[in-house]
Every structure is written in structure tokens, then in C-alpha cells.
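Thank you all for making time this morning. I would like to walk you through one model, beginning with some local backbone features and then moving on to charged pairs, the chain as a whole and its internal cavities.

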Amino acid sequence: MFDSLTNRLGDVFDQLRRHGVLNENDITAALREIRVALLEADVALPVVRDFVAAVRERALGQEVLRSVTPAQMMVKIVHDHLVAVLGGETPSDGLVLKAAPPVVILLVGLQGSGKTTTAAKIALRLKSRERKKVLLASLDVQRPAAQQQLAVLGRQVGVATLPIVPGEKPVAITRRALASGRNEGYDVVILDTAGRLHVNEDLMLEVAAVRETAHPHETLLVADAMTGQDAVNVAKAFDERAGLTGIVLTRVDGDARGGAALSMRAITGKPIVLIGTGEKIDALETFHPERIAGRILGMGDVVSLVEKAAETADQEEAEKLAAKMAKGNFDLDDLAAQLRQIRRMGGMGGMLGLLPGVGKIKKQLSEANIDESILKRQEAIISSMTKSERKNPKLLNASRRRRIASGSGTSVPEINRLLKQYQDISGMMKKMKKLGQKGVMRHGLEALMPHTFRH
């Protein structure tokens, strides 16, 4: 989402790094570029003014002008203020559900912002992470098939949805959902309200009536990150009439310029609690201001990468693999498991995007055209092998490779590349066993690398 802003700010800081010492003119020029970058990213003008003024005040003090590394100090100041604008150093706890069950979560927003999908994502998150019993209820009687859509998504994530009664009004549906929540022992009831193409009085009256009936513990605005500055006006309107407790930003994986995220928190004072990071039903993350600021400034987000790995890893599978690696055993079934893990973490692109410094080579990476489908193709190749072939790849002669290519819809050269990749990894495993832990520490990683990787 923040690619253009990241690139613009990266250029500004690169220029500053060329100067050993910074003077007031250098900082003024840099702030002018930062102002333009923020405005181009659709950040609201009042937020830009306050941001630049706050950075200027600190940058023109002794902190930068007399610093040994002035450019780095400037990056730190901008980072600190980005964190402050996005919500402060203390990350949001996500959804706060400390209330007597059933806790009611009310989702509001415009049509097309992703409310219904977000309702299912939140339900899955609460069910899988917090072991909550969740009931989904659609109050959207405006959009054709909206209630059926939520029912389908509910079945997909294994969460109950309120039965549909044709012709029932939103307030009546709300009362029925609350009664079911109480009588059937639900921990959380999520109400998905109707939206409109724009903010209007009918929409606000409906939301206000539902809120009056439900007394929600959380009222979340679901806003499309691609909406730009208009999202700020939407947030203000809903906050005034519905009393928001937080914001969920959707489609942050798209090519939005990021201004909505920087502006909404600053102008409404409401925390961004969750962000939708993709179309998959589990693509929902807690919003961490400090990590997002790090991503904007090209510092990466290694913490999120590690958390994603922990969430998607199969503990038992990981322990088995570690034991096999310690013995120097690594077969094609193990390679297939690793390919699945990379895909669950968002593919190579998703992983690389969270690494520090990758922003500077994003253009080269995009030009390199990393083919994410290759992971699926490699899994298909391994799945087309017999159990004995996966355990002992030496059995794979020319005729067997042709059979596997035909069965997996791939080609023999692709199979050869996969087997070469496997041989390199297997070779590293055997060297690790031979060297032992002390040997690896003494000789370094280079001792494990295949010869072709060293030059």
C-alpha cells in the first residue's frame, strides 16, 4: 500500500546521506520533499501540516544539526512522528472483548468496503485464536443476496450465522440475534450492517437505530484503504452519528497510496485496530503503528514475518523436520512441506516485502517477475511421484520424469530444476551433520553452501 510513499521518502533520505553535515537549508529542502510525498500519498492537508511542523521543530534543533550521523537522526525523527500519527508506540490490542457475553461487535461502513468479508474474517480470528463461540448476523436487507453471502462465508469458516427471515427489518434482526446470543451461549455476536454508495441520512438513521438496540461493545468502521482522502470524511461522519470505537482498513495489499491510514487515526482519534491484507479469509492482521512506520521507511517488519511463520507452521511437522535435518535426512516430502509453508506465509513476494531494505530493490524484483505459481507447480510435481520416488529421488530416471511431467502438467526441465534444488538443500543437510554444530560455527555458513552459490 505504501510503495509510492516509501520510494519518495527513500529518495529524500538518500539525498541527505550524501551530505556529511546538514545545514538548515538541507533540512528545509528535505521537509519540502517530505511534504510533497505525503500529499501525493493522499494524506489530509491538516495532518501533513502538523507532521512537517513537528519534524521541523526537532530537526532544526541541536539533535540533527550536531549529530554524528545527521541523515540517520532525521530518519529516526520521521519514524517517531509516523508512529505518533498512526497511533503511538503502544500497539492496539485489537478487539477488546472484556465484557459479559454475548459481546456485540457492530460493523459499519459504505457499500463495497468489504464489511461482509471482514465480518467472517473477524469471526474466524476470534474462533481460532481466542476459542470464542461466535454468531454472525447480516442486517443488510438492501443489497441483493448480502445475507446469503454471509451465510456462505460463515459455513466456510465454521461459524454459525443467524437464520434468514425474508422481509425482516434490521432492528428486528438485531433483537433476534441478541436473543440467540444469550439463549444459545454465544461469546460474541457480530452484526454486519448495510452500506450505501455514499453517506446519507437513511444510512445514518438505520445505523443509529441498530446501535440503540444492540448497545455494541465495539463499533468498527470498515474502510477501504483505496478510498483516499474521502475515507477520512466517511470516518468523521460515522463517528459523529454512530460513535466509533475503532477502524478496520481493508485492501491494504492493493496499490492504495496509504493516505487514509495516516489521516484517519490523526483526524478521528480512533485507533486502527485491524487491517485486511488480502482476499484470503485468514488475511487479517492486528495493526501495529511502529511496524507500519518501519515498512513505510523501508526498515521492513521482521517481527510480523516471524509471527506469520509461527502462526502458519505446523509444530509437529516442524519438529519432525528438525529431527530429520539433524540426522542429515531430507527427502522430497520434506521439501513439499517447506513449499506449503512458504505459500501459507504469502509466497515469496509476501515474505520479501517484510524484510529490511527490500524497498530499494523492489523495482528489480518486479522486473525479475518472480512467478509465485512455481511453488504450486513444484508441489504438483512432488505429488505426482510415488511414495518410493519421494523417499529415494535416485529412482527418477528419464521415463519416470516424463510420466511425472505428464501427471503434473509440467515439463521435464521443471522437474530437473526441482531435483537440482533438492540436491543442493540435501547436500547442505549432510554437511551440517558432518561438521556438527561446532564445525558450522567455526567454518561459517559458506562451508554449507553449494559451490555454485559461493561465487
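**Backbone, salt bridges and cavities**

Let me begin with His 215, which sits in the loop that runs between α9 and β5, the latter covering residues 218–224. Please keep in mind throughout that what you see is a predicted model. The phi angle of His 215 is near 45°, and that is a positive value in a residue other than glycine. As for its surroundings, His 215 counts as exposed, with a relative accessibility of 59%.

Arg 131 also deserves a look, since its phi is near 55°, again a positive value in a residue other than glycine. You will find Arg 131 in the loop between α6, which spans 115–130, and β2. Its relative accessible area is 65%, and Arg 131 is accordingly classed as exposed.

One further backbone feature concerns a peptide bond: the one leading from Pro 101 to Pro 102 is cis, and its omega is near -5°. Pro 102 belongs to the loop between α5, residues 70–86, and β1, residues 103–108.

Let me turn to the charged pairs. How many salt bridges does the structure hold? There are ten salt bridges in the structure, and I will go through some of them.

In one of them, Arg 196 pairs with Glu 206, and the closest N and O atoms are 3.5 Å apart. Arg 196 is placed in the loop between β4 (188–192) and α9 (201–214), while Glu 206 is in helix α9 itself, so this pair ties together parts that are ten residues apart in sequence. Are these two partners buried or exposed? Arg 196 has 14% relative accessibility and counts as buried, and Glu 206, at 15%, counts as buried as well; the cut-off for that class is under 20% relative accessible area.

Helix α9 comes up again in the salt bridge between Arg 241 and Glu 201, where the closest N and O atoms are 3.0 Å apart. Because Arg 241 lies in helix α10, residues 230–242, and Glu 201 in helix α9, the pair ties together parts that are 40 residues apart in sequence. Here Arg 241 is partly exposed, with a relative accessible area of 37%, and Glu 201 is partly exposed too, with a value of 44%.

The next pair takes us further along the chain, to Glu 389 and Arg 403, whose salt bridge has its closest N and O atoms 2.8 Å apart. Glu 389 is in helix α19, residues 387–391, and Arg 403 is in helix α20, residues 398–408, so the parts tied together by this pair are 14 residues apart in sequence. Glu 389 is buried, with a relative accessible area of 0%, whereas Arg 403 is partly exposed, with a relative accessible area of 37%. Arg 400 joins them as well, in that Glu 389, Arg 400 and Arg 403 are linked in a network of salt bridges.

Stepping back to the chain as a whole, the protein chain has 21 helices and eight strands. Of its 455 residues, 45% are buried. If we take the contacts between residues at least 6 apart in sequence, 72% of them join residues at least 24 apart. The protein chain exposes about 23000 Å², and carbon and sulfur atoms supply 52% of that area.

Finally, the interior. The count comes to three cavities of 30 Å³ or more, and the largest cavity has a volume of about 80 Å³. Which elements each supply at least two residues of the lining of the largest cavity? They are β2 (134–138), α7 (146–157) and α8 (170–183), and the largest share, three residues, comes from β2. Among the lining residues are Leu 136, Ala 137 and Ser 138, together with Gln 147, Leu 150, Ile 173 and Arg 176. The lining also includes Thr 161, Leu 162, Pro 163, Ile 164 and Val 165. Sorted by class, the lining of the largest cavity has eight nonpolar residues, three polar residues and one charged residue.

That is the point at which I will stop, and I am happy to go back to any of these regions on the screen.

Definitions and conventions:
Residues numbered from 1 in each chain as written. Predicted model: local features only at pLDDT ≥ 70, side-chain atom pairs only at ≥ 80, totals over all residues. Heavy atoms only, no water. 1 Å grid on protein atoms, 1.4 Å probe; cavity = no way out; pocket = protein on both sides within 12 Å on 5 of 7 lines; lining within 4 Å. Points joined across faces, edges and corners; volume = space filled by probe spheres on them. Helix = DSSP H or I, 4+ residues; strand = E, 2+ residues; numbered from the N terminus. Nonpolar A, V, L, I, M, F, W, Y, C, P; charged D, E, K, R; others polar. Buried < 20%, exposed > 50% of the residue type's maximum accessible area, 1.4 Å probe, protein only. Contact = heavy atoms within 4.5 Å. Areas by Shrake-Rupley, 256 points an atom, 1.4 Å probe, with all protein chains shown as cover. Salt bridge = Lys/Arg side-chain N within 4 Å of Asp/Glu carboxyl O.
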